[in-house]
Amino acid sequence: MTLSTTTTPAATKPGTTSGTQTSATAASSSATSATSATRSSRRAKAAPRIKPRDPRPLAAFVRARARITPHMERVTLGGGELAHFEYLGYDQWFRLYLPTGPGSLQRVPDRLTSASYARMMLAPASVRPTLRNYTVRAYRPQGRHGGGPEIDVDLVVHGDPADGTAGPASTWASTCAPGDEVRIYDEGRLYAPPSPGRSVLLVADETGLPATAGVLASLPADTVGTAVVEVPGPADRQALGGPAGVELRWVHRAADGDVPGRAALAAAREVPVPPGPVYAWTVGESDLVTTLRRYWVQAGVPKADITFCGYWKHGG
Ligand SMILES: Cc1cc2nc3c(=O)[nH]c(=O)nc-3n(C[C@H](O)[C@H](O)[C@H](O)COP(=O)(O)OP(=O)(O)OC[C@H]3O[C@@H](n4cnc5c(N)ncnc54)[C@H](O)[C@@H]3O)c2cc1C
């Protein structure tokens, strides 16, 4: 896999921030976030994807935690019922239920439906679990931190708990300790090309870095294409494996205050759409994915050959 790096000033291309069609965060516990969480799960449900056979919430425990780059915390989960977790590779994601107090995880519904979700949300935020979406960064059938399978989760650490700008999951990522309990509910993969043997276009911001890593690691060795991943700065890059024919382009934000996703969008517009059958996949900040999907459609990529998912919404 070839590497290249670009630092693109955010607002290079006027008009790249056109209207948002979706919202993507499963934010805090107010009504609006409940609606955006339901909208996010409805949208994730709408996209063709590869689902687990018999999903149910699985208990798991924190086994280890490490700050792997300045803005990314890696939490390793193991034990509990993780032996029942079926690893699918690619951008496999799950619902992560975080405890808010004693007994809160007992309120996790056995089956996640709009009705069971609505019932859970009727309880006060202080007694029900917090629900967020994350990706399997790595899976080991034989764990390094005690017996049984393990999952690594890479969580972007954003905002500041002191001024309330850090969300509950970001705060949990930087404060959880070995032995802490969670629940995970597998949701399968979004990455689902209509047919094999296509060139790929993969574009993500840092929330989509774990998914991009999973996709690159799972792709057939003869795959060709380009991956563009935006991270805050050079120190936030990670060593990613993948097919020799896929060029990985790292993009960095020029300044701390730059809106995430804009640099990736600008860089993705520089990547010519390959001739022949292509599969285009983009995840991350909501404006990035909706604007890029529109751009690819205008560039002639059939809508059925594009997967896009807003992972979160800036200012949401
Ligand atoms: C299918 C799927 C897979 C995902 N996989 C991952 C993953 O592997 N790793 C990962 O880090 N994220 C991932 N995300 C995104 C993650 O779920 C959201 O970023 C989530 O909002 C974080 O929850 P929180 O409790 O920290 O913040 P929230 O309470 O949801 O939001 C609080 C505030 O922080 C802002 N915010 C949220 N996320 C970010 C961010 N990343 N940077 C800056 N501001 C932010 C919001 O706009 C809001 O203003 C995924 C999302 C989806 C839908």
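**The ligand shell and two buried residues**

With 4 residues, strand β5 gives the most to the shell around the ligand. The model in which this shell is seen is a predicted one. β5 covers residues 130–135, and it is joined by β7 (150–156), α3 (168–173) and β13 (306–312), each of which supplies at least two residues of the shell. The shell also draws on two domains: at least three of its residues come from domain 1 (4–14 + 190–312), and at least three from domain 2 (26–188).

In total, 24 residues surround the ligand, and those that come nearest are Asn133, Val156, His158, Lys313 and Gly316. By kind, the residues of the shell divide into 11 nonpolar, 10 polar and 3 charged.

Several backbone atoms of the protein face polar atoms of the ligand. A polar backbone atom of Asp154 is 2.9 Å from a nitrogen atom of the ligand. For Ser170, a polar backbone atom is found 3.0 Å from an oxygen atom of the ligand. Lys313, already named among the residues that come nearest, has a backbone N or O atom 2.6 Å from an oxygen atom of the ligand. How much of the ligand does the protein bury? The ligand taken alone exposes 920 Å², and 90% of that is buried by the protein.

Two further residues can be looked at one by one. The first topic is Arg183, which has its place in strand β8, residues 181–188. Is Arg183 buried or exposed? Its relative accessible area is 12%, and because buried means under 20%, Arg183 counts as buried. The side chain of Arg183 makes a polar contact with the side chain of Glu181, at 2.6 Å. Leaving aside residues up to four places away in sequence, Arg183 touches Leu58, Ala59, Arg95, Leu96, Tyr97, Leu105, Gln106 and Val108.

The other residue is Tyr90, found in the loop between β3 (72–78) and β4 (93–98). What is the sign of phi in Tyr90? Phi of Tyr90 is positive, near 50°, and Tyr90 is a residue other than glycine. Tyr90 has a relative accessible area of 15%, so Tyr90 is buried by the cut-off of under 20%. Thus a loop residue, Tyr90, and a strand residue, Arg183, are each buried, with relative accessible areas of 15% and 12%.

Conventions: Residues are numbered from 1 along each chain as its sequence is written. This is a predicted model: local features need pLDDT of at least 70, side-chain atom pairs count only at pLDDT 80 or more; totals for chains, interfaces and linings use all residues. Side-chain values use heavy atoms; hydrogens and water are left out. A residue is near a molecule or strand if one of its heavy atoms lies within 4 Å of it. A polar contact is a pair of N or O atoms within 3.5 Å; within protein, one must be able to donate a hydrogen and the other to accept it, and residues adjacent in sequence count only if both atoms are side-chain atoms. Accessible areas come from the Shrake-Rupley method with a 1.4 Å probe; for residues, only the protein chains shown count as cover. Ala, Val, Leu, Ile, Met, Phe, Trp, Tyr, Cys and Pro count as nonpolar, Asp, Glu, Lys and Arg as charged, and the others, Gly among them, as polar. Domain bounds come from an automatic or database domain assignment. Buried means under 20% relative accessible area, exposed over 50%, partly exposed in between (1.4 Å probe, protein chains only). Contact means heavy atoms within 4.5 Å.
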